[in-house]
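Colleague: Could you take me through the surroundings of the ligand in this model? I would enjoy a close look at that one part.

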Amino acid sequence: MSVIVLVEHTEGSIKKKSLEAVQYATSIAQKTGTTVSAIVLGTLPNDEMENLGQYGAHKVLNVPDARLNELHPRAYTTALLTAAQQEASKIIIMLHDINGRAVAPRVAGKLKAGLVAGALSYPDLDKGFVIKKAVFSGKAFAHVNITSDVKVITLIPNTFQLNKGEGKASIEKLDVNFSDNDFGITVKEVNKIKGEIPLADAQLVVSGGRGLKGPENWGILEDLAKELGAATACSRPVADAHWRPHHEHVGQTGGTVRPDLYIAVGISGAIQHLAGVNGSKNIVVINKDPEAPFFKAANYGVVGDALEVLPKLTEAVKKFRQNHK
Ligand SMILES: Cc1cc2nc3c(=O)[nH]c(=O)nc-3n(C[C@H](O)[C@H](O)[C@H](O)COP(=O)(O)OP(=O)(O)OC[C@H]3O[C@@H](n4cnc5c(N)ncnc54)[C@H](O)[C@@H]3O)c2cc1C
């Protein structure tokens, strides 16, 4: 019996957020006296898979079918059900991202398992199997006890501190009987955003709202982001007005970020925006209105005109970096 965890990879490398998931699985396995089997779907170099041992995986079950390098929810579900049966797994872990959201409910449904979608804590085993998750767009937390025999958990990325250890996982091929139906959805084209820091994984984010007045002013925000090595994001009206691409929109109807630092420039701080960013470890707000609601959620605030504050901040960061080379 092992805890199984779905590992995501791209361009031959395992995603950092999946290392968090493996480590999370390891913590549960240690507490429940079992081991971790990492499920790698698709093709990945052996050393990448073996390195999952550094985060506690005992073995890797690999399905080396290149079609699985892209998300096929039905095929992923079939593979996970096969792995769960082979390993007699009672605990199945995925990420709360596009893959996990598509696959976890299917797996939970098939196994009649309780599902916690969007876990923010390790399970409290003293109280049963109680996991904390955000509810009501991040306005409150629920502590959910999974009482079913089989448990499925999806984790919010960037929540759990990574600690790399020693070790090598063994690799085994997992044989899965896929049906044509498993690949019934055809991926015709994949457009990956190139040359930018991926927003979902970013540790630093500089984000702009309508207070920046128009797309012609985004250069000063990008200058700061570049100087910091940060990803850029925006509020929904900014994306709706096509000032910025929609993949940068964060909030209730956009992406969720949990960086170490979120700098919000000319954003009012509406609840729908906060829903996507209030897991940030530090929030800095720049707004000309001292009454802007975002200041209530901020660790640091600057009351001022963004068009004046941003260039000065970028200059200060530049100087600081030059003096601390
Ligand atoms: C169902 C629903 C879902 C939604 N989902 C989302 C979502 O996912 N994400 C999201 O962002 N919004 C979402 N919204 C919209 C949300 O309610 C707000 O309308 C939106 O976040 C406001 O965007 P904003 O702060 O950029 O603009 P505004 O509300 O117009 O605020 C602009 C801010 O900039 C400040 N400002 C103006 N000039 C300057 C200046 N020169 N320098 C500094 N500051 C300045 C102003 O004081 C103000 O605080 C949703 C709304 C609904 C109803």
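**Around the ligand**

Modeller: Happy to! Let's begin with a backbone contact: a polar backbone atom of Arg-236 sits 2.9 Å from an oxygen atom of the ligand. Please keep in mind throughout that this is a predicted model. Ser-268 also takes part through its backbone, where an N or O atom is 2.7 Å from a ligand oxygen. Asp-305 uses its side chain instead: one of the N or O atoms there lies 3.0 Å from a nitrogen atom of the ligand. As for how much of the ligand is covered, its exposed area when taken alone is 980 Å², and the protein buries 76% of that. Two elements give two or more residues each to the shell around the ligand, namely α6 (236-240) and α7 (271-274). Arg-236, whose backbone contact opened this answer, is the residue at which the range of α6 begins.

Now to the shell as a whole. There are 25 residues around the ligand, and those that come nearest are Arg-210, Ser-235, Ser-268, Asn-287 and Ala-306. Ser-268 is thus a name you have met already, through its backbone contact with a ligand oxygen at 2.7 Å. What is the make-up of the shell in terms of nonpolar, polar and charged residues? Polar residues number 14, while six are charged and five are nonpolar. To put the polar contacts side by side for your own inspection, look for the backbone of Arg-236 at 2.9 Å, the backbone of Ser-268 at 2.7 Å and the side chain of Asp-305 at 3.0 Å.

Conventions. Residues are numbered from 1 along each chain as its sequence is written. This is a predicted model: local features need pLDDT of at least 70, side-chain atom pairs count only at pLDDT 80 or more; totals for chains, interfaces and linings use all residues. Side-chain values use heavy atoms; hydrogens and water are left out. A residue is near a molecule or strand if one of its heavy atoms lies within 4 Å of it. A polar contact is a pair of N or O atoms within 3.5 Å; within protein, one must be able to donate a hydrogen and the other to accept it, and residues adjacent in sequence count only if both atoms are side-chain atoms. Accessible areas come from the Shrake-Rupley method with a 1.4 Å probe; for residues, only the protein chains shown count as cover. Helices (H or I, at least four residues) and strands (E, at least two) are DSSP runs, numbered from the N terminus. Ala, Val, Leu, Ile, Met, Phe, Trp, Tyr, Cys and Pro count as nonpolar, Asp, Glu, Lys and Arg as charged, and the others, Gly among them, as polar.
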